[in-house]
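The exercises below ask you to work through a structure one place at a time. Each task is followed by a solution that goes step by step, so keep the structure in view as you read.

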Amino acid sequence: MDVERVAVIGTGTMGRGIAHVAAAAGMTVRLHDVGPDLVEKALLEVREALDQGVARGKVEPAVREGALARLHPAARLEDAVGDADLVVEAIPESLELKRALFARLDAAAPAAAVLATNTSSLPVASIAAATRRAARVVGMHFFNPVHLMPLLEVVRAEGTASEVVDVAVHTGRRMGKEPIVVRDSPGFASSRLGVVLGLEAIRMVEEQVASPEDIDKAMTLGYRHPMGPLRLTDLVGLDVRLAIAEHLHRELKSEAFRPPALMRRMVEEGKLGKKAGQGFYRWDESGA
């Protein structure tokens, strides 16, 4: 099955990034969110990202023009998914919200459509159970920023059909991603490893082992990570990572995933990272 029509539900950082790479790969994309202003903002930010790519010589002008022509807002969910080959959900990391959305997608999307969730840690099987087509539900976990990060984590629940996994892998490759396939287990592969590293880095800040900058340098220079765990936490959002850590702590019953007190305090104070302008680093409008 070749995916030509994609619906992206949710236009936050991940949703607009997924729409960006799908449109750039030649797919027609319909974007939907709870308000038209959110969709318009997302379309503007995709345009800006493509413009930056052209300015840096990373994106051909023809690719930019084609991608923008294939991006379309959809005011109603039914309009977004009515003829979709693939629907990608990118709403907040809440099992209750995702299950409610997937029940609606099940009713509105074509029977042959693949329904994908971008969840980074929630059980795909529990999301799929809200539908009558669990075999056609799969995890497609992209990474931020989507247009730059090459990894795609394809999550196969126990009931996911093999052909649906193949569609997710093939589509990911068309988007320029390098897919890995993992079993539906708490935290999958990437979140389980990445979150535990980030939490330990936060504990080190809490214990004044070193500054955030030096802790990050230890990983970028000593282990050749492209980005330190604290800077990455700022990019993902401390609130998002806190929710993931709480979920993994409950599911895995491991103290390694217990959120540090510093993390909880920063979230309570609104220091959520880049989107708030303050986290472990200060961020200006240019993202520095």
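**Exercise 1. Strand β4 and its neighbours**

Task: In this predicted model, decide which residues of strand β4 are buried on each of its faces, and find the strands that pair with β4.

Solution. Begin with the strand itself, which spans residues 86–89 and is covered on both faces. L86 and V88 are buried on one side, while V87 and E89 are buried on the other. Next, look for the pairing with strand β1 (residues 5–9), which runs parallel to β4 and is joined to β4 by 4 bridges. Within this pairing, A7 has V87 as its bridge partner. Then turn to β5, which also pairs with β4 in the parallel sense, again over 4 bridges. Here V87 finds its bridge partner in L115, so that V87 can be followed into both pairings by way of A7 and L115. Finally, trace the chain from β4 through helix α5 (residues 95–108) to β5, and you will find that these three elements make a right-handed β-α-β unit.

**Exercise 2. The surroundings of T117**

Task: Determine whether T117 is buried or exposed, and describe what its side chain meets.

Solution. First locate T117, which belongs to strand β5 (residues 114–117). Its relative accessible area is 0%, and because buried means under 20%, T117 is buried. The next step is to look at polar atoms: the side chains of T117 and E89 are joined by a polar contact of 2.5 Å. A polar atom of the T117 side chain also lies 3.1 Å from the backbone nitrogen of T119. If the neighbours within four places in sequence are set aside, the residues in contact with T117 include E89, K98 and F102. V124, I127, V138, G139, M140 and H141 are also in contact with T117.

**Exercise 3. Salt bridges in buried and partly exposed places**

Task: Find the salt-bridge partners of E89, E65 and E269, and classify each residue by its accessibility.

Solution. Start with E89, which forms a salt bridge with K98, where the closest N and O atoms are 2.3 Å apart. E89 has a relative accessible area of 0% and is therefore buried, and K98 counts as buried as well, at 1% relative accessibility. Both E89 and K98 were met above among the contacts of T117.

Now consider E65, whose salt bridge with R64 has its closest N and O atoms 2.1 Å apart. In this pair R64 is buried, with a relative accessible area of 15%, whereas E65 counts as partly exposed at 46%.

The third pair is E269 and K271, with the closest N and O atoms 3.4 Å apart. E269 is partly exposed at 47% relative accessibility, and K271 is partly exposed at 33%. A further step is to look for salt bridges that share partners, and these join R5, R30, D83 and D85 into one network. The count for the model comes to 20 salt bridges.

**Exercise 4. Backbone angles in loops and after a helix**

Task: Which residues other than glycine have a positive phi in the loops on either side of α9? Continue from there to G237 and to the cis peptide bond before P145.

Solution. In the loop between α8 and α9, Q208 has a positive phi of about 60°, although Q208 is not a glycine. Q208 counts as exposed because its relative accessibility is 71%, and the cut-off for that class is over 50%. In the loop between α9 and α10, R224 has a positive phi near 60° and is likewise not a glycine. R224 counts as exposed too, at 76% relative accessibility.

Moving along the chain, helix α10 (residues 229–236) has P229, L230, T233, D234 and L235 as its buried residues. The elements that cover these residues include α8 (190–206), α9 (212–222) and α11 (238–252). Just after α10 comes G237, with a positive phi of about 110°.

The last step concerns the peptide bond from N144 to P145, which is cis, with omega near -5°. To place this bond, note that P145 lies in the loop between β6 (137–141) and β7 (151–156).

Technical notes
Residues are numbered from 1 along each chain as its sequence is written. This is a predicted model: local features need pLDDT of at least 70, side-chain atom pairs count only at pLDDT 80 or more; totals for chains, interfaces and linings use all residues. Side-chain values use heavy atoms; hydrogens and water are left out. Helices (H or I, at least four residues) and strands (E, at least two) are DSSP runs, numbered from the N terminus. Buried means under 20% relative accessible area, exposed over 50%, partly exposed in between (1.4 Å probe, protein chains only). A polar contact is a pair of N or O atoms within 3.5 Å; within protein, one must be able to donate a hydrogen and the other to accept it, and residues adjacent in sequence count only if both atoms are side-chain atoms. Contact means heavy atoms within 4.5 Å. Two strands pair if DSSP finds at least two bridges between them. A crossover is right-handed if, with the strands pointing away from the viewer, the path from the first strand over the helix to the second runs clockwise. A salt bridge is a side-chain nitrogen of Lys or Arg within 4 Å of a carboxyl oxygen of Asp or Glu.
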